[in-house]
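Welcome, and please bring the structure up on your screen. We will walk through it together, one helix at a time.

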Amino acid sequence: MPLSLLPSFLLYCYVGAITPGPANLCCLSTALRYGRGPALRQWRGLFTGFFTVSMAAVMITYFLGTVLNQYVGLLSWVGAAYLLWMAWHTLRSSSGPEGQAPKAPGFLSGLLVNLTNVKVMIFCLMALASYVLPFTGSFRSLLAVGLFLPFTGPLANLVWLFAGAALQRLFASHRKAADIVCAAALALCAVSLVLPH
């Protein structure tokens, strides 16, 4: 990638990472409900999932190139279905008996969120296809960018996580409303994945 594209690439990474998506909303929701400790355990899974998806994107981009384009639509529907399941689960968890809190999500739930997160898949594939492949097909270049990408989204997840932890006391008395807002945001993410832009 030419150095002249570096500002554009970094802006792409920032906007793609900080905007609401399944992982950011997951971090916010978990921190609001359970606090910083459980949210950080889940975040470790999110990071691992993001890293795995990023490395898979490097391999796919290197070996399959443009053949992958035909599968992006299918991945969007799978991701949308998963987001709707997460929204339903968020709503359902707040309707449980008062005083009986569900078990806090952990590493595995964070891992599964990002392994099925179409936003992360498309983010990684588009970064590689737009900022690396037009200039070089070198595996080293793809790998270098692929190793950088896991430090974009997961760092933004931490912003959402710490915001949720800071607001936890405020939202403790408004748990149902916070769950409804998080579930609605997840459903909106799902719809935006499958509707034509």
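A residue counts as buried when its relative accessible area is under 20%, as exposed when that area is over 50%, and as partly exposed in between. Ser54 makes a good starting point: its relative accessibility is 0%, so it counts as buried. You will find Ser54 in helix H3, which covers residues 36-64. Setting aside residues up to four places away in sequence, Ser54 touches Cys124, Gly146, Leu149 and Pro150. Please keep in mind throughout that this is a predicted model.

Now step back and look at the whole chain. How many helices and how many strands does the chain have? There are ten helices and zero strands, so reading from the N terminus on gives the run α-α-α-α-α-α-α-α-α-α. The chain has 197 residues, and 39% of them count as buried. Its contacts reach across the sequence: among those between residues at least 6 apart, 89% join residues at least 24 apart.

Let us follow one of these helices, H2. Helix H2 takes in residues 22-34. With 13 residues, H2 reaches 18 Å from its first C-alpha to its last, close to the 18 Å expected at 1.5 Å a residue. Is H2 largely enclosed or largely open? Eleven of its 13 residues are buried, so H2 is largely enclosed by the rest of the structure. The buried residues are Pro22, Ala23, Asn24, Leu25, Cys26, Cys27, Leu28, Ser29, Thr30, Ala31 and Leu32. Arg33 also belongs to H2, but at 21% relative accessibility Arg33 counts as partly exposed, because the cut-off for buried is under 20%. After H2 comes Gly35, which has a positive phi, near 95°.

What does H2 pack against? One partner is helix H8, residues 153-166; the two helices pack at an angle of about 30°, and their axes are 7 Å apart. Angles under 35 degrees count as roughly parallel, and H2 and H8 are therefore roughly parallel to each other. The crossing of H2 past H8 is right-handed. On the H2 side, the residues that meet H8 are Ala23, Asn24, Leu25, Cys27, Leu28, Ala31 and Leu32. On the H8 side, they are Gly153, Ala156, Asn157, Trp160, Leu161, Ala163, Gly164 and Ala165. Sorted by class, this contact of H2 with H8 has eleven nonpolar, four polar and no charged residues. To see how the fold brings distant parts of the sequence together, find Arg33 and Gly164: they are 131 residues apart in sequence, yet their C-alpha atoms are 8.4 Å apart in space.

Stay with H8 for a moment and look for Pro154, which is placed in this helix. Pro154 has a relative accessible area of 1%, so it is buried. Leaving aside neighbours within four places in sequence, Pro154 is in contact with Trp43, Phe47, Phe50 and Leu149. Leu149 is also among the residues that Ser54 touches. Between Pro154 and Cys27 there are 9.9 Å from C-alpha to C-alpha, although the two are 127 residues apart in sequence.

Next, turn to a second pair of helices. The axes of helix H1 (residues 6-18) and helix H6 (residues 118-131) come within 11 Å and cross at roughly 175°. That makes H1 roughly antiparallel to H6. H1 brings Ser8, Phe9, Tyr12, Cys13, Gly16 and Ala17 to the contact, and H6 brings Lys119, Ile122, Phe123, Met126, Ala127 and Tyr131. By class, the residues of this contact of H1 with H6 divide into nine nonpolar, two polar and one charged.

Ala17 of H1 links the two pairs of helices for us. Ala17 is buried, with a relative accessible area of 8%. Its contacts, apart from neighbours within four places in sequence, are Asn24, Lys119, Thr152, Gly153 and Ala156. Ala17 and Lys119 lie 102 residues apart in sequence and 9.5 Å apart from C-alpha to C-alpha.

Our last stop is helix H10, residues 175-194, where Ala185 is found. Ala185 is partly exposed, with a relative accessible area of 23%. From Ala185 we can return to H2: Ala185 and Pro22 are 163 residues apart in sequence and 8.8 Å apart in space, C-alpha to C-alpha.

Notes:
Residues are numbered from 1 along each chain as its sequence is written. This is a predicted model: local features need pLDDT of at least 70, side-chain atom pairs count only at pLDDT 80 or more; totals for chains, interfaces and linings use all residues. Side-chain values use heavy atoms; hydrogens and water are left out. Axes are lines fitted to C-alpha atoms, for helices over the stretch in contact, and angles run from 0 to 180 degrees between N-to-C directions. Helices (H or I, at least four residues) and strands (E, at least two) are DSSP runs, numbered from the N terminus. Angles under 35 degrees count as roughly parallel, over 145 as roughly antiparallel, 65 to 115 as roughly perpendicular and the rest as oblique. A crossing is left-handed if the near helix is turned anticlockwise from the far one by less than a right angle, and right-handed if clockwise. Contact means heavy atoms within 4.5 Å. Ala, Val, Leu, Ile, Met, Phe, Trp, Tyr, Cys and Pro count as nonpolar, Asp, Glu, Lys and Arg as charged, and the others, Gly among them, as polar. The expected span of a helix is 1.5 Å times one less than its number of residues. Buried means under 20% relative accessible area, exposed over 50%, partly exposed in between (1.4 Å probe, protein chains only).
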